[in-house]
Amino acid sequence: TNANASWSDQMLYIPSSSSSNDEMGFASTNASNRTTTGFIFYGQWMMVKSDSGEISSSFYIRENSEGEGIYSLLWNASDDASAIPVSLRTAKPSDS
């Protein structure tokens, strides 16, 4: 990752239904295998609203091959036995 990279033109994306990949990411341009719209919040919880109006929160993580403790953020990876379901929030974790 470039330490001087600008985030001002980056869009969060989830893989589209036509994509064979389940990894989420950031990109400066949209592509046919990425969805960059439909992100909504229900309170502090992030969700995705499809064009048909369906709301879902199908976020997962999976340990990345780049090293211990590094995870990839995934979308709709429920069929992956190594994927762990997570929720994305705008709130910081509690100190409990």
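**Rings, charges and strands in a predicted model**

Me: Where does the charged end of Arg89 sit?

Reply: This is a predicted model. In it, the charged end of Arg89 sits over the ring of Trp45, 4.6 Å from the ring centre. For a charge to be called over a ring, the Arg CZ has to be within 6 Å of the ring centre and within 35 degrees of the ring normal. Arg34 is another case: it lies over the face of Tyr13, 4.7 Å from the ring centre.

Me: And how many aromatic pairs does a search of the whole structure find?

Reply: Just 1 aromatic pair turns up. The partners are Phe59 and Trp75, 5.1 Å apart centre to centre, with 65° between the planes. Planes over 60 degrees apart count as edge-to-face, so that's the label for Phe59 and Trp75.

Me: Which strands does the pair link?

Reply: Phe59 belongs to strand 7 (residues 59–63) and Trp75 to strand 8 (residues 71–75), with the two residues 16 apart.

Me: Are Phe59 and Trp75 buried or exposed?

Reply: Buried means under 20% relative accessible area. Phe59 is at 1%, so it counts as buried. Trp75 is at 12%, so it is buried too. Over the chain, 25% of the 96 residues count as buried.

Me: What does the secondary structure come to?

Reply: You'll find 9 strands and 0 helices, so reading from the N terminus it's β after β. The C-alpha trace spans about 35 × 35 × 30 Å along its principal axes.

Me: How many positive and negative side chains are there?

Reply: There are 5 positive and 11 negative ones, and the centres of the two sets lie 9 Å apart.

Technical notes:
Residues numbered from 1 in each chain as written. Predicted model: local features only at pLDDT ≥ 70, side-chain atom pairs only at ≥ 80, totals over all residues. Heavy atoms only, no water. Helix = DSSP H or I, 4+ residues; strand = E, 2+ residues; numbered from the N terminus. Buried < 20%, exposed > 50% of the residue type's maximum accessible area, 1.4 Å probe, protein only. Lys, Arg positive; Asp, Glu negative; His and termini not counted. Charge placed at Lys NZ, Arg CZ, Asp CG, Glu CD. Phe/Tyr/Trp six-rings, centres within 6.5 Å; stacked < 30°, edge-to-face > 60°.
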